[in-house]
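User: Could you take a close look at one small part here, and then work outwards to the rest? I'm a first-year student, so please explain the terms as you go.

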Amino acid sequence: MTAQTLMNPHPMTLRSSDTVATAADHILKHHLRHLPVVDEQGRYLGTFSIYSLLKLTLPKAVLDKYGLDHVSFITENIGDLAKRLGGRREDPVKNWVNVHDVAHPDTPAMEVMLLMLHGRTTSVPVVDKTNDRLEGIISFWDVLEKLMGESA
Amino acid sequence: MHGSEADAASVLFGLNPMWVAAVLFAITYIVVMTEKVNRAIVSLLAAGLMIVLGVLNQEAAIRGIDFNTIGLLIGMMVIVAITRQSGVFQFLAIWAAKKVQARPWGILVMISLVTAVTSAFLDNVTTVLLVVPVTLLITEELKVSPYPYLFAMIFSSNIGGTATLIGDPPNIMIGSATGLTFNDFAYNLTPAIVVIMAATLIPIYFIWGRHLKAAPEDRQRVMQFNEREAITDQRLLKQCLSVIGLVIAGFIFAKALHLEAATVAMTGAALLLLLANFGRDAEHQSKHVLEAFNEVEWITIFFFVGLFIVVHGVDGTGLLKLLADKMLALTGGNLTATSMIILWSSAILSAIIDNIPFVATMIPLIKAMAPTFGGPEGLMPLWWALSLGACLGGNGTLIGASANLVVAGFAERAGQPIRFMQYTLLAFPIMLMSIAISMIYLYWRYL
């Protein structure tokens, strides 16, 4: 079994120029955790996720790779956090994506499981090796359904 | 001069050892400058070639390594690696910002002072790694540009580092090679550093400081930071502060106790490791000790090891003595002229090249001048000129010191990049001003 057979070939995607507000609407409305972001040619740029939304509520200084590892000294209320998120509503989503490890259509199923485990993610983008186009998304739930179906 | 004919193995192919050493040395410098190959690789490879080509044998090479410098660096790095986990540096930065009611210019001055004082006792790179994130957070909350703050921090880390024996690698090397103590450095350099720090803030005020403004509600947000919450581990903090206190006391009384700086730092590191791991089971101890050791900058350490061997090899061939004689011929053996040449050339060269290999080369060169100036005592002004020039010169360009590049990295990621030329155009003149102050200071006090 390969990534090709596990993936959903028609996932919901975001365009790189879509705004944070659009992404947040999709995530809330469909209760999604991860939305892949593609450019005009359909190439995978990264994933906008609920974690991107969390980041959008935090000061940039906290997000730096050598940034502060705890911020318990900041006493902001939910309104302050919302205000920061609100100020970034019109940002393009491409500024806030995470680039996940990807699978290719011929990646074996076990490798896909390992990618999910190591990446602590519930969805793995499947990307064409040669042109970087997004071919589909493997969701943990699809895999689980297949697994349970087989074992029953 | 610690090199001797007996150190040299037989040079391959009957080549002149002075030429072999000089060529290897020059290639090492050039490759380190290009930054195409990691500097630790370059220096270790050059050290290996020095031995293989027979400029010196392994025994002599090991004698060339200044283990006092290596031990002092590793010991302090371990102490800092443990101390940073306590959150004390964030505490200091926030406390300082609130002391000035979160006024933007006041914060710039306070953050500069915190950076300078911390750099005087800790490695400069570590200092900026700890203080920059809080500074970026504060400027973001105040909605002011972080640029002037980061610019000031580069300067204060290098200026502060010059003040003490343990503040900057050049001082560690000079202290170790000459036997000058922690107190000697504090007594001779700190007064100049206080003046230079204050003088550096003046142009920063006129360029940026007087235009910095923040809205009252934004300042209010910073005032609401609770710095006590920044301390993550009270017990660890007490242990760290006690050990750091003991280590500094050890440096101050090192001479009376007949101890070398490396002994003080390494024993302090071992004591702090013991305290921080007390009561943990074997597995957790291994994990935490390994974490602390992993924070040691091994690239810097091995760079030093290789470099000491290369310089010892060059020194043993008499090349540095030759250069020292040339320099003395140029200055006519005049102490004032020699001091000034060392001060200004160290400053300008350190702005462009790494000051560590430069100082490693200058130390035996200056030592060779002792007979001209009436023995080692007569060299004092030259050591202070070398220290001030090599440490402060690092401010001149973005590549002048490692801390500069670390700050530039933060600036880049925060979307406020510090451009090389833009930085140099302002920083180089301010650096020259600090060297001019050093010149007046040296002249007034020693010449």
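Analyst: Let's start with Arg15(A): its bridge partner is Val38(A), which lies in E2(A). Before going on, note that this is a predicted model, so local features need pLDDT of at least 70 and side-chain atom pairs count only at pLDDT 80 or more, while totals for chains, interfaces and linings use all residues. As for the labels, residues are numbered from 1 along each chain as its sequence is written, and chains are lettered from A and ligands numbered from 1 in the order in which they are written.

That bridge belongs to a pairing between E1(A) and strand E2 (residues 34–38) of chain A, which run parallel and share 2 bridges. (Strands here are DSSP runs of E with at least two residues, helices are runs of H or I with at least four, and both are numbered from the N terminus. Two strands pair if DSSP finds at least two bridges between them.) Step back a little and you find an open sheet of 3 strands in chain A, in the order E1-E2-E3, with mixed pairing. Its edges are strand E1 (14–15) and strand E3 (44–49) of chain A, and each of these pairs on one side only.

Chain A has another pairing worth a look. Strand E4 (residues 123–127) and strand E5 (residues 134–139) of chain A run antiparallel, joined by 5 bridges. One of the matches is Ser123(A), which stands opposite Ser139(A) in E5(A). The two strands make a hairpin with 6 residues between them, and Asp132(A) in the turn has a positive phi of about 65 degrees.

How much of E4(A) is covered? Of its 5 residues, 5 are buried, where buried means 20 or more other C-beta atoms within 10 Å of the residue's own, exposed means 12 or fewer, and partly exposed is in between, with C-beta atoms placed from the backbone. In a regular strand, side chains alternate between the two faces of the sheet. In E4(A), Ser123(A), Pro125(A) and Val127(A) are on one side, Val124(A) and Val126(A) are on the other, and all are buried.

Now for chain A as a whole. It has 7 helices and 5 strands, and from the N terminus on the elements go α-β-α-β-β-α-α-α-α-β-β-α. Its C-alpha trace spans about 50 × 35 × 30 Å along the principal axes, and 29% of its 152 residues are buried.

Chain A also touches its neighbour: 13 of its residues are in contact with 19 residues of chain B. On the chain A side of this, 7 residues are nonpolar, 4 polar and 2 charged. (A contact means that two C-beta atoms, placed from the backbone, lie within 7 Å. Ala, Val, Leu, Ile, Met, Phe, Trp, Tyr, Cys and Pro count as nonpolar, Asp, Glu, Lys and Arg as charged, and the others, Gly among them, as polar.)

What is chain B built from? It comes to 22 helices and 0 strands. Its radius of gyration is 23 Å, close to the 22 Å that the globule rule gives for 447 residues, so chain B is as compact as a globular protein of that length; the radius is taken over C-alpha atoms, and the rule is 2.2 Å times the number of residues to the power 0.38. Of those 447 residues, 50% count as buried.

Let's zoom in on one helix there. Ile342(B) is found in helix H18 (residues 335–352) of chain B. Is Ile342(B) buried or exposed? It is buried, because 27 other C-beta atoms lie within 10 Å. Leaving out residues up to four places away in sequence, Ile342(B) touches Leu382(B), Ala385(B), Leu386(B) and Gly389(B). With Gly389(B), the C-alpha atoms are separated by 7.5 Å although the two residues are 47 apart along the chain.

Asn183(B), in helix H10 (residues 182–207) of chain B, is partly exposed because 15 other C-beta atoms lie within 10 Å. Asn183(B) and Phe251(B) are 68 residues apart in sequence and 7.9 Å apart in space, C-alpha to C-alpha.
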